[in-house]
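Please look at the sequence and the model below with two topics in mind, aromatic rings and the packing of helices. The report that follows takes them in turn.

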Amino acid sequence: MTGFVRPSRQNGPFFAWCRLCAALLAVAGLAVDGLRPVNAQMPGRDLLGHGGPVRAIDIAPDGMFALTGSFDYSVIFWETGPDGPVLKKRFLAHDAAVSAVRFVPRSWFALSGSDDGTLALWNLHTLKLERRKKGHGAKIAGLAVSPDGALAATAGWDKVVRIWDVATLEVRYELKGHRGNVNAVAFSRDGSILYSADTNGRVLAWQAGNGAGPRVVYNHGWGINVLAALPQKNRLLIGALNGDVRIIDTVSGEIVRTLARHDRPVLSAVVSARHGLVAVATGGGQIRVWSTGDWGSLGALDYPYGPVWALGISGDGTGVYYAGLGDAALYWQVTPRRPFETVRSEIAPKSRLSANAGPGEKQFVRKCSICHTLSPDGGNRAGPTLYKVFGRRAGTLAGYPFSDALKRSTIVWNEETIARLFYEGPAEVVPGTKMPLQRMTNPEERDALVAFLKEATQSRATPEKQDQEGSR
Amino acid sequence: MARMKFLCDADRCIECNACVTACKNENEVPWGINRRRVVTINDGKPGERSISVACMHCSDAPCIAVCPVDTIYNTEEGIVLHSKDLCIGCGYCFYSCPFGAPQFPQVGNFGTRGKMDKCTFCAGGPENNNSDVEFKKYGRNRMAEGKLPLCAEMCSTKALLAGDGDVVSNIYRERVVMRGFGAGAWGWGRAYQGQGS
């Protein structure tokens with residue numbers, strides 16, 4: 001890991017004098033290890049805890065807490081105080097990747113939407129699941145909560161928008177009018193209008209209170225990925241497939257301003273009315289921040305490790321949390337900019353392949369390692385660790401939340417059953433499993449994988465551990 | 001070895017959607033899925049343009065980089081194909097693609113629930129060429145028959161060209177010499193990193 005150093009906690013006049021000197025050096029663009037003042041080098045603020053790519057971020061209205069959702073099927077609730085983030089609770093209930101998270105304003109509740117089409121309500125006081133309801137027939141791609149916290153809206157890849165009652169998670173309205181998958185939803189600032197956008201480039205408006213509509217607000221031609229209501233009345237920010245970031249008038253449908261044109265799709269946008277900030281990120285890793293007052297640019301960052309599909313503006317308004325293919329939500333301090341900005345190295349598991357890897361190891365690293373480790377530590381990944389999997393009965397590894405189907409299974413994992421799993425596919429071998437349907441029909445590749453697993457799951461010297469150590 | 005590319009001449013597309021229909025029919029693409037579509041920008045206004053869009057089979061395809069389970073791959077001819085056996089339907093390729101090409105059917109004859117579907121340049125997939133299983137999963141393998149993608153083959157205005165990148169770019173260059181640059185070959189630079197854009 002590169003980057004941040006926790007501030008010294010020593011007290012006394014000598015250390016106070018040292019900190020003063022360090023502050024003066026920092027102003028001059030210099031830094032002294034171990035003597036970094038808080039303002040020059042904040043404590044590590046990256047949110048580290050997921051075992052798969054972070055797909056969603058939300059910052060609580062008071063700025064003191066954060067939520068992240070990940071490919072690892074989990075939601076993490078963070079306290080983001082001045083001494084660095086504290087992982088309060090890792091929530092597990094979804095049967096697929098978590099694609100959207102939102103705090104419910106004026107309450108101790110939060111919502112998460114998943115690729116499994118379900119919406120979950122979490123109690124952040126008791127740190128327990130309140131309820132989870134199935135709504136969409138496909139993944140939930142977008143989630144919004146009304147300003148009063150009474151209603152939630154979800155955008156589904158089943159081309160439907162749903163308005164939910166937050167308290168009961170009952171679907172109030174199913175809004176059908178989109179011709180393509182719905183990517184994003186946003187409530188107007190007063191909560192009376194719900195906007196939704198789809199892959200065909202249309203923005204529709206619905207009456208949040210009774211589901212009436214739709215009214216076509218705008219047609220971009222290219223698909224729209226993100227929506228965000230702006231502090232100004234009747235203003236909506238859109239981010240599109242063709243890289244456009246635009247502000248549109250929700251009454252006339254006219255383009256008020258084009259903020260940017262990118263080479264890659266816009267994947268994320270977040271607005272902080274409290275701090276007067278807008279941040280946008282793209283599939284090429286570009287992150288830009290503007291002031292909503294005069295639309296002046298406050299900063300830009302090129303994240304070198306791929307797309308950025310989740311953003312959150314920090315509670316103090318000085319920085320942005322962002323996430324892409326890595327397992328962390330990273331923090332970038334926007335104001336004041338640092339003279340030397342470092343980015344945590346985020347290498348996707350499938351790229352951690354050593355040059356001398358054998359054919360079985362290649363299969364594992366490229367196709368399995370995103371969800372499974374080979375070490376005793378499961379690493380919070382979407383699937384259980386495969387450590388000592390041979391000879392183990394399916395669904396019995398302690399600490400992993402297996403599906404009921406796998407718990408009931410009588411399969412004992414060995415060369416034959418693992419080969420069958422990949423020949424027929426998990427859904428055929430264990431109907432009802434959470435494991436995605438993957439098959440390896442090539443017998444040579446399948447045999448190589450099984451042979452590698454048999455050897456590698458017995459040892460702690462795992463390839464991903466070696467590669468992680470090598471990349472440090 | 002030829003490097004296969006698509007080129008859409010934005011000055012010639014008349015939004016007839018024949019390419020969309022040809023693709024659906026030739027590959028028996030299920031209802032609700034369009035591997036190719038025609039996007040019209042500034043619809044009904046000055047500067048209106050239509051562009052036929054599908055997977056452009058990019059030189060440095062971002063979908064390959066983001067796929068967490070290594071489903072997507074390049075052929076020797078530069079065509080970007082994928083294995084529906086390995087796809088887990090996460091949608092990361094959709095988010096990374098600058099053309100919105102990856103589609104995710106829920107049900108249908110292209111594999112099972114949630115498997116990604118996209119243009120194959122009429123080149124099938126990893127199964128044996130022109131086998132039944134290849135057709136059911138990926139559609140027609142015209143390339144194995146020595147033919148180019150049907151969408152471009154039957155484009156009446158030849159707005160959509162497909163084939164060896166050097167050949168199609170030369171055809172476009174001759175057009176530009178005759179008529180001027182016009183609206184350009186939309187997406188060419190984005191897909192092929194500025195080569196000939």
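What follows describes aromatic pairs, charges placed over rings, and one contact between two helices in this predicted model.

**Aromatic rings**

Over all chains, a search of the whole structure finds 20 aromatic pairs. In one of them, the ring centres of A:Y400 and A:F402 lie 4.7 Å apart and the ring planes stand at 70°, and because planes over 60 degrees apart count as edge-to-face, this pair is edge-to-face. A:Y400 is buried, its relative accessible area being 17%, and A:F402 is buried as well, with a relative accessible area of 10%.

Elsewhere, residues of chains A and B join in one aromatic cluster, which is formed by A:F71, A:W157, A:W309, B:Y92, B:F94, B:Y95 and B:F104. Two rings of this cluster, those of A:W157 and B:Y95, also have a charged end sitting over them, as the table shows.

| Charged residue | Ring | Distance to ring centre |
|---|---|---|
| A:R55 | B:Y95 | 4.3 Å |
| A:K139 | A:W157 | 4.7 Å |

**Two helices in chain A**

How do the axes of helix α2 and helix α6 of chain A cross? The axes of α2 (residues 359-367) and α6 (residues 443-456) come within 7 Å and cross at roughly 90°, and the two helices are therefore roughly perpendicular to each other. On the side of α2(A), the residues that take part are A:P359, A:G360, A:E361, A:Q363, A:F364 and A:K367, and they meet A:E445, A:A448, A:L449, A:F452 and A:L453 in α6(A). Sorted by class, this contact of α2(A) with α6(A) has six nonpolar, two polar and three charged residues.

Technical notes. Residues are numbered from 1 along each chain as its sequence is written. Chains are lettered from A and ligands numbered from 1 in the order in which they are written. This is a predicted model: local features need pLDDT of at least 70, side-chain atom pairs count only at pLDDT 80 or more; totals for chains, interfaces and linings use all residues. Side-chain values use heavy atoms; hydrogens and water are left out. Rings of Phe, Tyr and Trp (its six-membered ring) pair if their centres lie within 6.5 Å; planes under 30 degrees apart count as stacked, over 60 as edge-to-face and the rest as tilted. Buried means under 20% relative accessible area, exposed over 50%, partly exposed in between (1.4 Å probe, protein chains only). A charge sits over a ring if NZ of Lys or CZ of Arg is within 6 Å of the ring centre and within 35 degrees of the ring normal. Axes are lines fitted to C-alpha atoms, for helices over the stretch in contact, and angles run from 0 to 180 degrees between N-to-C directions. Helices (H or I, at least four residues) and strands (E, at least two) are DSSP runs, numbered from the N terminus. Angles under 35 degrees count as roughly parallel, over 145 as roughly antiparallel, 65 to 115 as roughly perpendicular and the rest as oblique. Contact means heavy atoms within 4.5 Å. Ala, Val, Leu, Ile, Met, Phe, Trp, Tyr, Cys and Pro count as nonpolar, Asp, Glu, Lys and Arg as charged, and the others, Gly among them, as polar.
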